[in-house]
Each structure stands twice: as C-alpha cells, then as structure tokens.
Amino acid sequence: MVDWQLKAKEEESAYLADLADYLAIPSVRDDSKATKEAPLGPGPKAALEHILSLADRDGFVTKNIDNVVGYIEIGPKDSEEYVALLAHVDVMPAGEGWNTDPFTAVIEDGKVIARGASDDKGPGLAAYYAFKMIRDMNLPLKRRVRLIFGTDEENDWTGMTRYFEVEPAPAFGFSPDAEYPIINGEKGNVQVNVTSEGTNGDKAQLLNFESGLRTNMVPGVARATVAGLTFDQVDDDFSNYLADHPQVSGKVAEDGDEIQLEVIGKQVHGSLPETGENAGTYLANFLDRYEFGGSAAGFLTYLGTWSHDDPTGRQLGVAYKDEVMGALSMNVGIIRFDEENGVFINYNFRYPKGITPDFICEQLAKAMPEWRHKAEIGGHAQVPHYVSPKDPVVKTLLNIYHDQTGLKAYDQVIGGGTYGRLMERGVAFGALFPDSPETMHQVNEFALVDDLVRSMGIYGQAIVELANLPE
C-alpha cells in the first residue's frame with residue numbers, strides 16, 4: 001500500500017523550486033506578438049517548452065504539437081486506450097493592484113502567490129510530479145496515461161482543439177483545473193457581443209469608456225472621460241455615490257474641459273460574478289444620471305441599469321434555473337466606447353441545460369428597444385456537459401479523495417468551463433479544496449502549499465487507479 005501523502009511530502013522542496021521557475025513565465029496569450037513559431041504569442045510557447053523540458057530532464061516521453069499543445073506520456077506503449085489529464089500553461093493577464101510582482105513566486109503564510117499559482121500552473125505541475133512518483137516507484141499501469149498541456153484555456157482553446165484534430169481521443173480522464181471533491185457537470189458557456197454606434201448629443205458627452213481585460217474575468221477597473229459637465233458637480237456626486245457604494249472605490253480628476261473618472265471594483269473569475277464587483281457597470285450606473293445624448297445615453301443605461309448588479313440576467317430576460325445544473329450566470333467582461341470605434345459590450349453566460357445561446361442572444365437584442373443596438377453570438381460556444389455520478393471514473397475519484405483526506409465526497413456542477421468537458425467521460429478534479437480561498441483570475445492570486453502537495457498525492461493514486469480500471 002502506497003502512502004501517497006508521505007511520498008508527496010518528500011517531493012515538496014523540488015516541486016516548489018520547479019514551480020517558481022514555471023510561474024516566472026508571463027504566459028498570457030498575445031495575438032499581437034504571434035508568429036509562425038509562436039501562434040499564440042511568445043509567453044504560452046515559452047511555458048509549454050518549459051514544462052516539456054522538465055519532462056525531458058526527467059526522462060519522460062514528450063511531444064510538442066505546433067507549439068500550441070504538448071503532452072507527457074507514461075505507461076505501456078502497446079495499450080490502445082489511454083487516460084488523459086488535461087492542464088494548461090497559459091494564465092490570465094495580471095491586472096492592476098498586486099502587492100507583489102505577479103510573475104515572481106512569493107511564498108509566505110503557507111501560500112504561493114503569483115499569477116497561475118492556482119490556475120493552473122500549480123495544479124498542473126502537481127499532476128506532473130504525480131507522474132514522477134509513479135515512474136520512480138515503478139507502479140504497474142494497464143493503460144497509457146498522458147498529461148496534456150494546452151496553451152490558451154483562458155481564451156478559445158486553440159491548442160486543445162488542435163490536439164483532438166491530430167491525436168486519438170482519450171477513453172476518459174480529468175482536468176486538474178477546478179475544485180474538489182469533483183466537477184462532473186459544467187454549464188454551457190457562450191459569449192454575446194452587444195454593439196452600436198458611438199455617438200453623443202449636445203450636452204454631456206462621453207468621450208471614452210473602457211473596462212475589462214477578458215470575457216471570463218469580472219472587471220476590476222473602469223475608466224471614462226467625459227465633457228460638458230461641471231467638475232465640482234461631478235466631484236460632489238461621485239463622492240456621494242462612493243459613500244453609498246462602499247464596495248467600490250474611485251477617483252475623479254479634471255483635465256482642461258475634460259473630466260476623468262475611475263472606479264475600482266473586485267476582479268474575480270467570470271463564472272462567479274456574484275462574488276465580484278464589476279467596476280464597469282458601477283461606473284456606467286453612476287454616469288447614467290447625467291444628460292448624455294446619442295448612443296452614449298443608451299450605452300450607459302443598458303450597461304448601468306439593465307446589466308448592473310444582476311449576475312443572473314433577470315433584467316435582460318435571461319434568468320433561468322435547472323434543477324440539476326443550477327442557475328444561469330452573467331458576466332459583463334469587456335466594455336468599450338468611443339466615437340471612432342463605437343460601442344462594444346461583451347457578455348459571458350454560463351447556462352444550464354434547458355436554455356439556448358440563441359434565446360439569450362435574442363433577449364439581449366430585444367432589451368431596451370429604444371436604444372438601437374445589435375446582439376450577436378461571439379467566441380466559441382460550449383454546450384452543457386454532464387457525467388453521471390454512477391460512472392466508474394466519478395466513483396473512483398470520489399473514493400480516492402475521501403480516502404486520502406477524510407473529507408466528505410460529493411459530485412457537483414459548476415459554471416466554470418474546464419478541459420474536462422472535451423472528453424465524453426471527462427471531469428474536473430481539484431486542486432482547490434472546499435475550505436480553501438478561491439482566487440483564480442483575481443489580483444494577488446495564490447494557492448496553499450499544503451493543498452498543492454496534497455493534490456500531488458491524490459493525483460498519483462488517481463492516475464494509477466484510472467489506468468487500471470476494468471475495461
């Protein structure tokens with residue numbers, strides 16, 4: 001009988017050293033710097049090469065596919081079926097407000113603080129160290145096992161799409177990129193883009209408005225520049241607004257005839273909009289009191305009234321709840337306005353079975369009919385995914401989780417989307433424990449060292465038992 005937690009603890013120092021090097025790579029997708037050799041920009045390519053170089057160092061079989069996806073393999077070469085663990089090397093933009101350098105790992109108070117510590121470099125490297133433990137103990141595996149690393153999970157999954165185009169699909173597996181005890185259901189995921197002209201009237205004028213970095217992040221900062229208003233009045237109004245809304249902060253400044261405003265909210269993962277404070281909708285909510293004209297007026301009302309403080313989409317007519325998969329959630333992720341480029345509002349919906357992307361899009365187009373705007377589905381839509389709790393993959397992983405932690409094991413559905421949904425019998429499994437803080441996509445992102453080391457042991461046993469499941 002293997003004491004997986006003891007084995008994991010023995011690897012802790014080496015793991016943390018490798019993790020620090022891995023976290024130092026700013027692997028944010030950047031299409032503006034894409035080349036033939038780095039299709040998603042230099043950061044994701046560098047991170048993929050780094051993780052594969054660790055495996056080469058340790059003597060594993062590796063493969064890099066077009067610098068957008070790669071894998072590490074263990075187990076018998078003659079097995080037709082294989083088990084897959086799907087992780088990712090890319091990270092979200094750091095955003096503003098960090099207390100430390102987001103790409104320098106800091107370990108304090110039992111935490112690893114850096115962008116990617118929790119999502120998903122820390123868990124992905126824990127899965128890699130599970131591979132090492134299995135190889136070093138020479139444990140028998142009936143099936144091959146692949147640890148596959150995508151390079152743009154936070155965007156449109158180009159890398160993993162390429163993998164499934166050129167490689168045979170796994171029989172089953174999991175993604176170490178979510179929560180324990182297990183995620184056996186994921187809501188659908190769709191983006192809807194609302195657009196309009198960027199025009200103003202004769203009185204107050206909205207010169208520009210900008211908020212949000214990614215569709216799957218609740219914006220933590222929003223900025224706008226206005227004209228045609230009295231600074232003293234705006235300054236007083238804004239002070240009163242912030243006093244009435246202490247959950248956000250902000251500042252206002254005068255620059256000639258222009259007034260610049262900034263709101264600081266709380267940046268969180270876009271699948272959990274109810275846990276954040278959307279700086280963009282708050283700023284629109286404040287500005288909507290003034291007499292703007294043209295499309296600027298409609299933009300501010302649509303954003304600041306119809307979309308503000310409503311993570312279920314009730315005011316836009318898309319609120320829906322399924323008994324098994326739960327409620328729809330709505331995040332306003334990217335917001336832009338200027339007269340040259342017009343209006344762009346990106347909505348990210350996590351929806352249960354029973355409602356469709358087309359219905360959601362139609363409702364956004366019909367809402368606030370007095371404002372001339374269009375709503376179109378954008379990005380890559382994903383349908384809801386569900387694996388029965390009776391499936392041996394789910395039952396096996398839950399038993400391992402309970403046996404190693406002593407904690408209650410149960411299945412659950414989330415709004416977040418993981419690579420697990422790419423496999424018919426795929427789930428997400430850790431590395432966030434139920435009682436641990438969730439900081440994915442937030443400033444000062446961190447993971448608990450003990451959680452990552454515990455996960456190393458859990459993943460080791462999971463790989464062995466899944467690879468040896470009866471056919």
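Here are some questions and answers about helix packing and overall form in this predicted model.

User: How many helices and strands are there in the protein?

Analyst: Let's start with the inventory of this predicted model. Counting both kinds of element, the protein has 11 helices and 24 strands.

User: Why call the protein as compact as a globular protein of its length?

Analyst: The globule rule gives 23 Å for 471 residues. The C-alpha atoms fill a box of roughly 75 × 45 × 45 Å along the principal axes. The computed value is close to what the rule gives, so the protein is as compact as a globular protein of that length, with a radius of gyration of 23 Å.

User: What share of the residues counts as buried?

Analyst: Buried here means under 20% relative accessible area. Out of the 471 residues of the protein, the share that passes is 59%.

User: Among contacts between residues at least 6 apart in sequence, what percentage join residues at least 24 apart?

Analyst: Take the contacts in the protein whose partners sit at least 6 apart in sequence. Of these, the part that joins residues at least 24 apart is 77%.

User: How are H2 and H3 oriented, roughly parallel or roughly antiparallel?

Analyst: H2 covers residues 12–23 and H3 covers residues 42–57, and their axes come within 10 Å. The crossing angle is roughly 155 degrees, and the passing is right-handed. Angles over 145 degrees count as roughly antiparallel, so the label for H2 against H3 is roughly antiparallel.

User: Which residues make that contact of H2 with H3, and what is the split by class?

Analyst: On the H2 side you'll find Asp18, Asp21 and Tyr22. H3 puts in Ala47, His50, Ile51, Leu54 and Arg57. By class, that comes to 4 nonpolar, 1 polar and 3 charged residues.

User: And H2 with H11: roughly parallel or roughly perpendicular?

Analyst: H11 spans residues 449–467, and its axis comes within 11 Å of the H2 axis. They cross at roughly 110 degrees, in a right-handed crossing. The window of 65 to 115 degrees counts as roughly perpendicular, so H2 against H11 is roughly perpendicular.

User: Which residues of H2 and H11 are in contact, and how do they divide by class?

Analyst: H2 brings Glu12, Tyr15, Leu16 and Leu19. From H11 come Val449, Leu452, Val453 and Met456. The tally by class is 7 nonpolar, no polar and 1 charged residues.

User: What about H3 and H4, roughly parallel or roughly antiparallel?

Analyst: H4 is residues 121–136, and the axes of H3 and H4 come within 12 Å. They cross at roughly 15 degrees, and the crossing is right-handed. Under 35 degrees counts as roughly parallel, so the pair is roughly parallel.

User: Which residues of H4 do Ile51, Leu54, Ala55 and Arg57 in H3 meet?

Analyst: By class, this contact of H3 with H4 has 6 nonpolar, no polar and 1 charged residues. Ile51, Leu54 and Arg57 of H3 also take part in the contact with H2. The H4 residues they meet, together with Ala55, are Leu125, Tyr128 and Tyr129.

User: Is Leu48 buried or exposed?

Analyst: Leu48 sits in helix H3. The residues it touches include Asn64, Val89, Phe149 and Thr151. With a relative accessible area of 0%, against a cut-off of under 20%, Leu48 is buried.

User: How far apart in space are Leu48 and Val68?

Analyst: Val68 is among the residues that Leu48 touches. In sequence, the two are 20 residues apart. From C-alpha to C-alpha, the spacing is 7.7 Å.

How values were computed: Residues numbered from 1 in each chain as written. Predicted model: local features only at pLDDT ≥ 70, side-chain atom pairs only at ≥ 80, totals over all residues. Heavy atoms only, no water. Axes fitted to C-alpha atoms, helices over the stretch in contact; angles between N-to-C directions. Helix = DSSP H or I, 4+ residues; strand = E, 2+ residues; numbered from the N terminus. Left-handed = near helix turned anticlockwise from the far one by under 90°. Contact = heavy atoms within 4.5 Å. Nonpolar A, V, L, I, M, F, W, Y, C, P; charged D, E, K, R; others polar. Rg over C-alpha atoms; globule rule 2.2 N^0.38 Å. Buried < 20%, exposed > 50% of the residue type's maximum accessible area, 1.4 Å probe, protein only. Lists of a residue's contacts leave out its neighbours within four places in sequence.
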